[in-house]
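Q: Please take a close look at a single residue of this protein and set it in the context of the whole chain. Where is the residue found, and what surrounds it?

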Amino acid sequence: MQKNLLFLLILFMVCVQNIFAQNPRSGKVLDDESKEPLVGATIQIKGSANGVVTDAEGNFSVTCEDNATLVVSYSGFVSQEVAVNGQILLNILLKTEGKMDEVVIVGYGTQLRQDITGSSVGVNADDIKNVPVPTFESALQGRTAGVQIESGSGKLGQGIKIRVRGSASVSAGNQPLYVVDGILLTSDAQNTSGEDLNPLSDLNVNDIENIEILKDAAASAIYGARASNGVVIITTKKGKAGKTLFDVDYSFGSSTATRKRGFMNSTEYINYMKQAGLNGGFTEQETEDEFDANIPDWRNYTKVNENWEDQAFQRGGFQQLNLSARGGNEKTKFYVNLSYLDQAGILKNNALQRFSGRLNLDHQATEKLNIGMSMSLARTAHRRAASDNEFSNILQGVAIPSFQPAYNGDGSTNTQTLYYNPLLEITDAKQRARVLRNLSSFYASYKILPELTFRSEFGLDVLNQVEENYNGSKTARNTGAPNGVGSYATATIINYTWTNTFNYNKTFAEKHNVEALAGMSFQKSSEETNNVEGRNFPSNAFQKIESAALISAGGSAGSEYSFTSYFGRINYKYNNRYLFAISGRVDGSSRFGKDSRYGFFPSVSGGWIISEESFMKDIKTISNLKIRASYGLVGNAQIGNFDARGLVAANNYAGNPGVIPTTLINPNLKWETTAQWDLGLEVGLIKDRFNIVIDYYNKDTRDLLLNVQVPATSGYVTQTQNLGKLNNKGIEFTIQTNNLVGDFKWNTSFNIARNINTITDLNGQIIAPGNSSRIVNQAREGEPIGVMYGVKYAGVDRDNGDALYYDAQGNTTNDFSKGAIQRLGNPNPKFFGGITNSFSYKGFDMSIFFQFVSGNNIYNVAGGFMSANGDYFDNHTRDQLNAWTKPGDVTDVPQARLYGGNGVRMSSRYIADGSYLRLKTFIFGYTLPKSVLDKANLRNVRVYFSAQNLLTFTKYQGWDPEVSTLYTSSTTQNGNIISGADFYTAPQAKTLVFGINIGL
């Protein structure tokens, strides 16, 4: 009996040993389609923290039990669970991830694309890599349906306008909320002089892994009071377990202006202006007397023929170096990057230089606790170009007659020109700005239960900006400071966010999946600014404020705001086909009145994955069919920090201190609220080779935050009130296709959007910012924001060359004062979008991306100076040579008349179609074959050529159709209303770049 028991015990132990045998397994992970090895694929033993990654040939080796299950995953491919079943050698094929299998970033979490019931659009690192731009927004332009991105000029470091489904405010901000690795960014310009600098230029494009833009209320309501303009969520690159991978990316190139206008040469100018004098009623001698009084050296026109347009431009330079490493093990993963960008602009004296570094760490401390951090540090130096509406704007040099040289015979800069010579800004002035930016986030997540996780995250954005300007004595004509003037200004912003969330995810009875989020967040932003101005410097060798003989001005200020927020979301999925979601956020802000400090922003949405129904299984052509709908409320809090408060300021009463009231209190001031509904259709055909997304939306914004005029008897001019409504509605269409698969691949991505913006209520007022004699943009009821109003140009009288205008009866008149004020144009496009075609064959790849804008108008504000029929002595564009000269002439250019004002007043004469089609990006690359790489012990080598803004097709005769300058006082309201304006504005840069990517 004992022997039998001993035998059974031994037999049992042998069986157990066989069942739980820890044997080495090896294998290879391949692309199911191309059969190419997948480098860096992760093989995880299910139920444990143990895992490995594949090597450069896709091979792996792992020790596990015979009955273990391996979870194999790779970015862009569908994860697969593989049962070992005692096998020693495993060859695993991964299928390319379909559109619906894609994991996307949402507010405070992630979701499968198929489970999303809101509207969002994503761009990954591969879509924007090797694009030669300093900021990520420029790389997104035309790639995301419903998101209009506009670079106002070709100046480096300038602000970029982004509108997600149209402008949602008149006086408050219209820019989206930016979130980087959980950090709510400071995205407002901080400079005190010149045009707005772009705070997002401190981000390195090469650090970005993914960008997701939340567009409708269902997607963005989780961000509540700051989501009415959309939310841009940026995720930076992370480390992966396995061998440390090193990457070196270097690129260099040059830039030129996309277009030059062309101005009269010396002879053309003299002949033209002499004729203008005669036409203006002057004799030939009187005309020459006017020349002598204004430009005494005009008789040199046969000796000098300066091209002032060429003097403004230069061949810009571009070079960028990125060094990165990523890797780790099952416990700790890291990503580190160092980057250097040096770019010289197409305008002389305009450049941008950035040094940046990033370290991202993720560590599994225990089976339940994960901790990590994301940290970046950037130093960005701007050599700034002057604002468009300044005589120091180097492009305004084109107004100087071409017979006046830019430089004297001894090489010094000519100061005896008709207008201030802007080339003095190169030799005798400087405008510099330096930004030191730190973005850091730290997190800890703890798995309380298998389905319940707590996460705490602290995000910090520290921005320190220094502006240093100097103008020497030779610039006195422009500054009014005969012995020089300098200024020094600093701004320091500390913006932190602390967020705590609980995430719950559980599936019941195999068909009911519930995902819930609950959290709270606190944000505080504090700003301190200082500035000082000095005058009377000994020479240009002394440019610091301490060298000034007179400290002429100075000041300091401080400001802050805070938000306290509570938010939640529930996602429910039944049987993998019926989707339902609700979310809500309560926001409290210090910016609003004490009686309206808190707001609630809910959303509800649902979806139906029709393709999962049994009646669809036999329809093989349709791989995905989904409809979704959403409705919700979001808010806008982009106003001044103290607009609701009754403020007083210190004042100087004849040397005695005192205070003066400055702001009228409004205890009821509250958020702008946007109610938005969205209907979406998603279709996948032929195993998702063709994917179509269509969205229709309607956004109603109420309680606009407007600066409303109040009775003068109150002692105030305006008060910020909730008054007014506007509407945005539109449709978006996106199609992505895999046209050819196999060795030769051809993919296409196309998107187009139409947004209709209408101001529905302004309490009867018309808002026309700045100097209305030069500004045509307005905000008025029944019209889109920025609509252009003025006198309509009717052409030229064939009999006498007079400029003609339309009166209120539709008849023509040569009296401008009798012209009827009417609608002239719309700066908002009817359609915008882009199309990308990507090709690859073995080691070769090519991408061609066109971006387009259609149906918008541009107002050339400078037209009344540069195309002014000889009204004054500015040099003119060459099209003015087509001016009327004799009865019967058919032309749209009135007769040239010195001081005659013939057709130069603000009218539709200077408004043009701004539509364009642009070859935005062209990339051609070649990746060395594996056989060559193995000999050199390299993982990857790719060389490429990239071009930006290569070709532009447009009817607009200005420098560039992608233009929008703010040529009046820089306020948020003016920036919202003034759009599509061109005032000696620099064109976009055409950039050609060669580069190499090396993987070690």
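A: The account below begins with one threonine and then turns to the chain around it. The model is predicted, and the mean pLDDT of the protein chain is 90, with 95% of its residues reaching 70 or more. An exception is the stretch of residues 8–20, where the pLDDT is below 50; beyond near neighbours in sequence, this stretch has five contacts in the model.

The residue chosen is T144, which is found in the loop between α3 (136–140) and β11 (147–151). T144 counts as buried because its relative accessibility is 1%, and the cut-off for that class is under 20%. Once neighbours within four places in sequence are set aside, T144 is in contact with V121, V123, I213 and N751.

As for the chain as a whole, 52% of its 1000 residues count as buried. Among contacts with a separation of 6 or more, 69% join residues 24 or more positions apart. The secondary structure comprises 12 helices and 51 strands.

In overall dimensions, the C-alpha atoms fill a box of roughly 135 × 70 × 65 Å along the principal axes. The radius of gyration is 32 Å, which agrees with the value near 30 Å for a compact globule of 1000 residues.

Turning to the surface and the charges, the protein chain exposes about 42400 Å², of which carbon and sulfur atoms supply 55%. The chain carries 92 positive and 94 negative side chains, and the centres of these two sets lie 5 Å apart.

Technical notes:
Residues are numbered from 1 along each chain as its sequence is written. This is a predicted model: local features need pLDDT of at least 70, side-chain atom pairs count only at pLDDT 80 or more; totals for chains, interfaces and linings use all residues. Side-chain values use heavy atoms; hydrogens and water are left out. Helices (H or I, at least four residues) and strands (E, at least two) are DSSP runs, numbered from the N terminus. The radius of gyration is taken over C-alpha atoms; the globule rule is 2.2 Å times the number of residues to the power 0.38. Buried means under 20% relative accessible area, exposed over 50%, partly exposed in between (1.4 Å probe, protein chains only). Contact means heavy atoms within 4.5 Å. Accessible areas come from the Shrake-Rupley method with a 1.4 Å probe; for residues, only the protein chains shown count as cover. Lys and Arg count as positive and Asp and Glu as negative; His and the chain ends are not counted. The place of a charge is taken as NZ of Lys, CZ of Arg, CG of Asp or CD of Glu. pLDDT is the predictor's confidence in each residue, from 0 to 100.
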